[in-house]
Amino acid sequence: MTVVGGDMPQVPVVVEGAPPLTSQPLDTPQRIRREMVRQILHSRLFVVGTVLLLFWIFCAFFGSHIAPYDAIDDSFSPSYHAPTWAHPFGMDRVGRDVFSRVIVGARSVIAVAPAATALGVTLGSVLGLVMGYFGGTVDNVIGRIVDAVLAVPFIVLSILVLTALSAGSEGISVSPLKLIMVIGIAFTPIVARTVRSAVLAERDLDYVQAAKLRGEGSLYIMLFEILPNVMGPIVVEATVRLGYAVFAVATLAFVGYGPQPPSPDWGLQIADQYADVTLAWWAIVFPALAIASLVVGINLIADSVQQVLEP
């Protein structure tokens, strides 16, 4: 704003309180993402959960090097010895150090749960995108299949599939790859339902219609237009499913569909010793606490992510 009059010079007048002019938008996608990441990293829940998760990941990779005793060696005596300074978690039925077995036992869970989660989230996201974008007959057909799979309890479905894949003349033999496939496929329908709901909320918005008017193909629209805008629910679902995957691995090992003795797998340790819980509670409680602490850590991360991405 200027004052003009005769030979008077033009004097700029600054209006107090006016916002400064800027050529950069205040809420760019990059700034929004950075702010979300900052909020997540500064969350106390996220910090505590990450510490727990990283601890067990470290044990999974280096447990055999930091464990004070051999996790499989049964030369110690006596069996079912109560916790002492030398054996802080006590000893199991055959005289093995429970602390060493808990540390090393993280390996079998960490090796399977993240891979199974990644498989389930990937397949579920693909199905959810297809169901939500195309709708109609495609959604109905795939939806009925998803409903049929969801109608079967997870543990029953997993046992049936693993028995069919692993049964042989020498009994049940379950490899980590089979566990990853079965758990991942079992998680797929749940993730598909979540992603489908998110896609239905996006597919009729203006940016999708504009992409169609430009002549973009369905695959391009799903992957490059809709998918980036539904990543929030997918990330939340991935963190939640990871906690369930840990429970699934431990549960299947407990019922005999996992690593076999003398593996230090947590679920297998509980299965081997639970009949003697009145004699040696420590042989069951400490592996159970390990499972619980890992699941709690993952759930804390999931809660902090969900609070930011789904306010």
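**Burial, cores and helix packing in a predicted model**

Student: Does Thr188 count as buried or exposed?
Tutor: Nice place to start: the relative accessibility of Thr188 is 7%. Buried means under 20% relative accessible area, exposed means over 50%, and partly exposed lies in between (1.4 Å probe, protein chains only). At 7%, therefore, Thr188 counts as buried.

Student: Before we go on, what pLDDT do local features need here?
Tutor: Residues are numbered from 1 along each chain as its sequence is written, and side-chain values use heavy atoms, with hydrogens and water left out. This is a predicted model, where totals for chains, interfaces and linings use all residues, side-chain atom pairs count only at pLDDT 80 or more, and local features need pLDDT of at least 70.

Student: Which residue does the side chain of Thr188 reach through a backbone oxygen?
Tutor: Thr188 sits in helix α6; helices (H or I, at least four residues) and strands (E, at least two) are DSSP runs, numbered from the N terminus. Beyond four places in sequence, Thr188 is in contact (heavy atoms within 4.5 Å) with Gly120, Leu123, Gly124 and Leu127. A polar contact is a pair of N or O atoms within 3.5 Å; within protein, one must be able to donate a hydrogen and the other to accept it, and residues adjacent in sequence count only if both atoms are side-chain atoms. At 2.9 Å, the side chain of Thr188 reaches the backbone oxygen of Gly184.

Student: How many helices and strands does the protein chain have?
Tutor: Of its 311 residues, 40% count as buried. Among contacts with a separation of 6 or more, 69% come from residues 24 or more positions apart. As for the elements, the protein chain has eleven helices and four strands.

Student: Which helix gives the most to the largest nonpolar core?
Tutor: A nonpolar core is a set of buried Ala, Val, Leu, Ile, Met, Phe, Trp, Tyr and Cys residues joined through side-chain atoms within 4.5 Å. The largest has 47 residues, and Trp56, Ile183, Val246, Trp266 and Leu294 have the most contacts inside it. At least two residues each come from α2 (44-66), α3 (98-134), α6 (176-200), α9 (231-254), α10 (266-273) and α11 (282-309). With twelve residues, the helix that gives the most to this core is α11.

Student: How many residues does the other core have?
Tutor: In the largest core, Trp56 touches Val102, Ala106, Ile110, Trp266, Ala290, Ser293 and Leu294, leaving out residues up to four places away in sequence. Apart from that core lies another, with Val195, Ile226, Val230 and Ile234 among its residues, and its total is 14.

Student: Are α10 and α11 roughly parallel or antiparallel to each other?
Tutor: Their axes are 9 Å apart and make an angle of about 150°; axes are lines fitted to C-alpha atoms, for helices over the stretch in contact, and angles run from 0 to 180 degrees between N-to-C directions. Trp266, Gly267, Gln269, Ile270 and Gln273 of α10 meet Ala283, Ile284, Pro287, Ala288, Ala290, Ile291 and Leu294 of α11. Angles under 35 degrees count as roughly parallel, over 145 as roughly antiparallel, 65 to 115 as roughly perpendicular and the rest as oblique. So α10 and α11 are roughly antiparallel.

Student: How are α3 and α4 oriented to each other?
Tutor: The axes of α3 and α4 (residues 136-150) come within 7 Å and cross at roughly 140°. From α3, Leu127, Val130, Met131 and Phe134 meet residues of α4 including Ile142 and Val146. Therefore α3 and α4 are oblique.

Student: Which residue's backbone nitrogen does the side chain of Asp92 reach?
Tutor: Asp92 is in the loop between α2 and α3 and counts as buried at 3% relative accessibility. Beyond four places in sequence, Asp92 touches Ser79, Tyr80, Val98, Arg101 and Gln273. The side chain of Asp92 reaches, at 2.7 Å, the backbone nitrogen of Arg96.

Student: What separates the C-alpha atoms of Gly90 and Phe286?
Tutor: Gly90 also lies in the loop between α2 and α3, and at 0% relative accessibility Gly90 counts as buried. Residues that Gly90 touches include His81, Arg96 and Trp282. Although their positions lie 196 residues apart along the chain, the C-alpha atoms of Gly90 and Phe286 are separated by 9.5 Å.

Student: What is the omega of the peptide bond from Pro261 to Pro262?
Tutor: Pro262 lies in the loop between α9 and α10. Most peptide bonds are trans. The bond from Pro261 to Pro262 is cis, with omega near 5°.
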